[in-house]
Amino acid sequence: MADITSNQMNSILSMNYRGLEDMPTSLMSSHSAADVQHLYMKGNRLTGVPETIYKFENLTVLYLQSNRIESLPQTIGALKTLELLDVSFNYLEKLPEEIGCLQKLKRLYAFSNRLKQLPKSVGALQNLEVLGVMKNEISSLPAEIGRLVNLKELNVDSNHLTSLPNQLCCLGHLQELSASNNNLLTLPQDFGMMKTLVNIFVDNNPFLNSLPLSLKSRTNEVKIGLNRCGIKEPPEHPVRAHQHVKIRWKNYKTIIILPKQISQIMCLMSTDMLASPLQLSVWKRDPSRDCDEISVTLCHDAEFMSRVPSLLELTLRTFHHVLLIRDKSDHGVTLPQNIEELVHCPTAHCCQCNEVLFVSAFPFICQDNFSPQKPDAVFHFLGLCCTEQCKKRGYDVPMHQIKY
Ligand SMILES: [Zn+2]
C-alpha cells in the first residue's frame, strides 16, 4: 500500500492524502523502516503517532501536517538523524521535552496547533535554523530559545505573546523575526544590536507603542513591519518635539491671536503637511467643555534639520504686525503700554527678508570683501536671520560682490 521510492541517497515513503487513521504498524515492523529517509503522511486522519516511530532510525524528513494528532510520543526523540519535522495543522497542545534530543533538526514547523508553550528543551536544538510556531496559543517563549545559535528565522505570529525574551538578542544568526498579531507591549531593548537581523515583522500589536532605541538607529538597515501598532511616530522619520503650546479656545473662537507661523501650521492640517518642516502632531479638542484647550506640539522632522523661533518671539512679531495695521482694521488688541512700546521697537531685522526681530534670532558669520582699499581681504561680520530657513537661504545665495 505504500509507495517506496528509492534512489541512491534517499528512500521516500509517501502516504499523503490516504484517509489513514493510523500509521500502518506493518511499516514499523518491517525491516525497511530503517531504510526510509523521508516519510510523508500529510492530510490523513491520524490522531496520534505510534511509539514505534523510533524504528525509522534513519529518517531525515517527517511530514505529519494536516492530521488530527493530539500528542507526539516521547520516542520521537530517538529520531537522531531528523532534519525537518512538520507537525503543522494538528491538535497538539504541547511538544514533548524529548524534541530537544533531535540534534540534527534544522527546521521545525508546528503552526496552527493549540500549543500553550514551547518546551525548554528547544534550546538544545543547536542546529535549528527555522522555527515556525505561528497560530498557536503561546503566551511566552522560554528563555532557552536564546541558545539556538544557528536560528535564522523565527515565526511566532498569531499567538498570545506580550513580550519576547531578552535572550533572543543572543541569536547571532537570526535574520528574520515575525511576531505579528500578538499583544506585545515592548521589544527587547538590545534588538538593534543584532547585526544579522534584517527583517522584523511586528504588525498588529496594538499595544506596542515604542521601539527600542537600539533599533531606531538602524531603521535604514532593518525592514520593520509596524502596521496597526500603537507607535505614533514612524521610525524612518524620527520626530523631535520642539515646542509645546497650549492654546485656549472659548466657544470655538480664539481668545488669543496666534502667531502666523502657528496659524500656518494649523492650516497645514488640510494641505500637504510634508511641504513644511513643521508638523502638527497633537490635536486635541474636548467638545464637552465650553472652554476648550487645544494642545499643539510644534515638531520638526529631523530630516529637515530646521528650527523655528521661540513662541515668545513669534508672538512679539505677530503683535508688531497687528499694531502696524490696527488703524486700518479693528483687531481689538489692547496691550499694556510697556508691551506696546516693546513691540513697536524691534531690536533688529532679518538680513535676508527684513522680518522684525525681538529677543531671538539665528546668527551666522557673513564673509565678504567689501573694502575698496583691501579688495583681496575677507571680512567677517555677524548676520541675523528670522528663521533657520532664511539663514540657509543666506548660504545658498552667493554673497553680493562689490564691483570697482
Ligand atoms: Zn528672514
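Me: Which residues touch the most other members of the largest nonpolar core?
Reply: In this predicted model, the largest nonpolar core holds 66 residues, and the ones that touch the most other members are Leu-39, Phe-56, Leu-85, Leu-131 and Leu-164.

Me: And what does Leu-39 touch, leaving out residues up to four places away in sequence?
Reply: With those left out, Leu-39 touches Leu-13, Met-15, Ile-53, Phe-56, Leu-59, Val-61, Leu-62 and Tyr-63. There is also a second, separate core of eight residues, which includes Cys-350, Phe-364, Cys-386 and Cys-390.

Me: Stepping back, how many helices and strands are there in the chain?
Reply: The protein chain has six helices and 19 strands. Of its 404 residues, 43% are buried, and among contacts with a separation of 6 or more, 40% come from residues 24 or more positions apart.

Me: Let's talk charges. How many salt bridges does the structure hold?
Reply: The structure holds two. In one of them Lys-116 is paired with Glu-137, with the closest N and O atoms 2.9 Å apart. Lys-116 sits in the loop between S6 and S7 while Glu-137 sits in the loop between S7 and S8, so this salt bridge ties together parts that are 21 residues apart in sequence.

Me: How accessible are Lys-116 and Glu-137?
Reply: Lys-116 counts as partly exposed at 41% relative accessibility, and Glu-137 also counts as partly exposed, at 30%.

Me: What about Glu-129 and Lys-152, how far apart are they, N to O?
Reply: Their side chains meet in a salt bridge with an N to O distance of 4.0 Å. Because Glu-129 lies in the loop between S6 and S7 and Lys-152 in the loop between S7 and S8, the pair ties together parts that are 23 residues apart in sequence. Glu-129 is partly exposed, with a relative accessible area of 24%, and Lys-152 counts as partly exposed at 32% relative accessibility.

Me: Where is Asp-157 found?
Reply: Asp-157 is found in the loop between strand S8 (153-155) and strand S9 (176-178).

Me: What is the nearest side chain of opposite charge to Asp-157?
Reply: That is Lys-135, at 8.7 Å, and Asp-157 has no salt bridge although it is buried. A polar atom of the Asp-157 side chain does lie 3.3 Å from the backbone nitrogen of Ala-179. Not counting residues up to four places away in sequence, Asp-157 touches Val-133, Met-134, Lys-135, Ser-178, Ala-179, Ser-180 and Asn-182.

Me: Switching to rings, how many aromatic pairs does a search of the whole structure find?
Reply: The search finds three. In one of these, Phe-89 and Phe-111 have ring centres 5.5 Å apart and planes at 85 degrees, so the pair is edge-to-face. This pair links distant parts of the chain, 22 residues apart, with Phe-89 in the loop between strand S5 (84-86) and strand S6 (107-109) and Phe-111 in the loop between S6 and strand S7 (130-132).

Me: Which residues form one aromatic cluster?
Reply: Phe-89, Tyr-109 and Phe-111 form one. Within it, Tyr-109 and Phe-111 are an edge-to-face pair, at 6.3 Å centre to centre with 80 degrees between the planes.

Me: Is Tyr-109 buried or exposed?
Reply: Tyr-109 is buried, with a relative accessible area of 18%, whereas Phe-89 is partly exposed, with a relative accessible area of 42%.

Me: Where is Phe-207, then?
Reply: Phe-207 is in the loop between strand S10 (199-201) and helix H2 (213-216), and at 48% relative accessibility Phe-207 counts as partly exposed. Its C-alpha atom is separated by 5.3 Å from that of Leu-185, although the two residues are 22 apart along the chain. Not counting residues up to four places away in sequence, Phe-207 touches Asn-183, Leu-184 and Leu-185.

Me: Backbone next. What is phi at Ser-66 and at Asn-204?
Reply: Ser-66 has a positive phi of about 60 degrees without being a glycine, and Asn-204, also not a glycine, has a positive phi of about 55 degrees. As background, most residues other than glycine have a negative phi. Ser-66 is in the loop between strand S4 (61-63) and S5 and is partly exposed, with a relative accessible area of 30%. Asn-204 is in the loop between S10 and H2 and counts as partly exposed at 26% relative accessibility.

Key. Residues are numbered from 1 along each chain as its sequence is written. This is a predicted model: local features need pLDDT of at least 70, side-chain atom pairs count only at pLDDT 80 or more; totals for chains, interfaces and linings use all residues. Side-chain values use heavy atoms; hydrogens and water are left out. A nonpolar core is a set of buried Ala, Val, Leu, Ile, Met, Phe, Trp, Tyr and Cys residues joined through side-chain atoms within 4.5 Å. Buried means under 20% relative accessible area, exposed over 50%, partly exposed in between (1.4 Å probe, protein chains only). Contact means heavy atoms within 4.5 Å. Helices (H or I, at least four residues) and strands (E, at least two) are DSSP runs, numbered from the N terminus. Lys and Arg count as positive and Asp and Glu as negative; His and the chain ends are not counted. A polar contact is a pair of N or O atoms within 3.5 Å; within protein, one must be able to donate a hydrogen and the other to accept it, and residues adjacent in sequence count only if both atoms are side-chain atoms. Rings of Phe, Tyr and Trp (its six-membered ring) pair if their centres lie within 6.5 Å; planes under 30 degrees apart count as stacked, over 60 as edge-to-face and the rest as tilted.
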